[in-house]
Amino acid sequence: MPSPEPRPTIHIPGTTSHTIAPHGRHSREGTLRYLKAGTGAPVVLLHTVRTQAEHFRSLIPLISDQYTVYALDLPGMGYSEIVPGASYDEPAMRAGVKRLLTELDLHDVTLVGESMGAVLALTSAADLPERVRRVVAVNTYDFPGGIARSSLLARVVVSGVLTPGVGPVIAGVEPKAALSKILQGGLGDKTALRADYVDELLQVGSRPGYPTVARAVYQSLPSLIAARSRYPEVKASVHLVYGEKDWSRTSDREANKELLPAADFTQVPGAGHFIALERPGILADLLNAAA
């Protein structure tokens, strides 16, 4: 008898969990899971590589008095369905975001994405200008190297995951100490990575088929870089947010400012790649000021 699917170990006060079913029995879309909280205009939160909706556990309570918050598990990640043979490149991930907005018929939406989620927020806004009014793009993950710029350990692990033959095996081996060290490489304040969150990520990583998803997501980095060509199409207002110690270089940030010349720009002193973990108050202030 197959083992039951794991259940989230972290509960965010005031949130409820929901799903969106795929279209048709033979669809490769898969069921999407999302968290919902609060009241007001909709804010949709889009997480980073190798994380899930609980990535925003500290941000959601800070904005749910002003907004109805939807935190999505991107396709195949978190507790969204893993569909054999599904694509995890940028267009496929974007399709999942668009499904959330269209299935729930959301309008006047603020899309908040971090890392990969920031790229998806911008490209989804380009596709759905009638639904999206604002984008807050935090540390866009759209440059060569990505997480491999974090540390030597990250470079070794990501290189191994991407290696033909042994890659799938390496993707399925994820010691807690190694995952913690890699994630801490994206933080200015290392203490912002809570042990129960690492445990939650490891539980999700043990889901059948998840190593294939993780490897495919790392393989999708070229599609995230290519997606930058869509940025000038965004009609919504945009706020680019970067941590001072983010993996992106000054040249990467300036390049995106040139593509989005009307965008507001904030650099967060001392912060790294995962601002939602270490400085959620900064993002809450940006959002609540515009509510």
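These notebook entries follow one sheet, the helices packed on it and one pocket.

**Entry 1, ground rules.** I am working from a predicted model, in which local features need pLDDT of at least 70 and side-chain atom pairs count only at pLDDT 80 or more, while totals for chains, interfaces and linings use all residues. Residues are numbered from 1 along each chain as its sequence is written, and side-chain values use heavy atoms, with hydrogens and water left out.

**Entry 2, the sheet.** I looked up the strand order and found an open sheet of eight strands, β1-β2-β4-β3-β5-β6-β7-β8, with mixed pairing. For my own reference, strands (E, at least two residues) and helices (H or I, at least four residues) are DSSP runs numbered from the N terminus, and two strands pair if DSSP finds at least two bridges between them. The edge strands are β1 (16-20) and β8 (264-268), each of which pairs on one side only. Direction ignored, neighbouring strands of this sheet are turned by 20° against each other on average; axes here are lines fitted to C-alpha atoms, for helices over the stretch in contact, and angles run from 0 to 180 degrees between N-to-C directions.

**Entry 3, the β1 edge.** I checked β1 against β2 (residues 32-38) and noted antiparallel pairing over five bridges, with Lys36 in β2 as the bridge partner of Thr16.

**Entry 4, around β7.** I followed β7 to both sides: β6 and β7 pair in the parallel sense over five bridges, and β7 and β8 also pair in the parallel sense over five bridges. His239 in β7 is the bridge partner of Val136, and His239 also stands opposite Asp264 in β8. Six of the seven residues of β7 are buried, that is, under 20% relative accessible area.

**Entry 5, helices on the sheet.** I noted that helix α10 (residues 250-259) lies across β7 and β8, running at about 175° to β7; contact means heavy atoms within 4.5 Å.

**Entry 6, the second largest pocket.** I recorded a volume of about 180 Å³ for this pocket, and 18 residues line it, those closest to its centre being Arg28, Glu29, Pro75, Ser87 and Ala92. A pocket is an open set of points on a 1 Å grid over the protein atoms alone, where a 1.4 Å probe fits, with protein on both sides within 12 Å along at least five of seven lines, and lining residues have an atom within 4 Å of a point. The volume is the space filled by probe spheres set on the points. Helix α2 (residues 90-103) gives the most to the lining, with four residues.

Notes. Buried means under 20% relative accessible area, exposed over 50%, partly exposed in between (1.4 Å probe, protein chains only).
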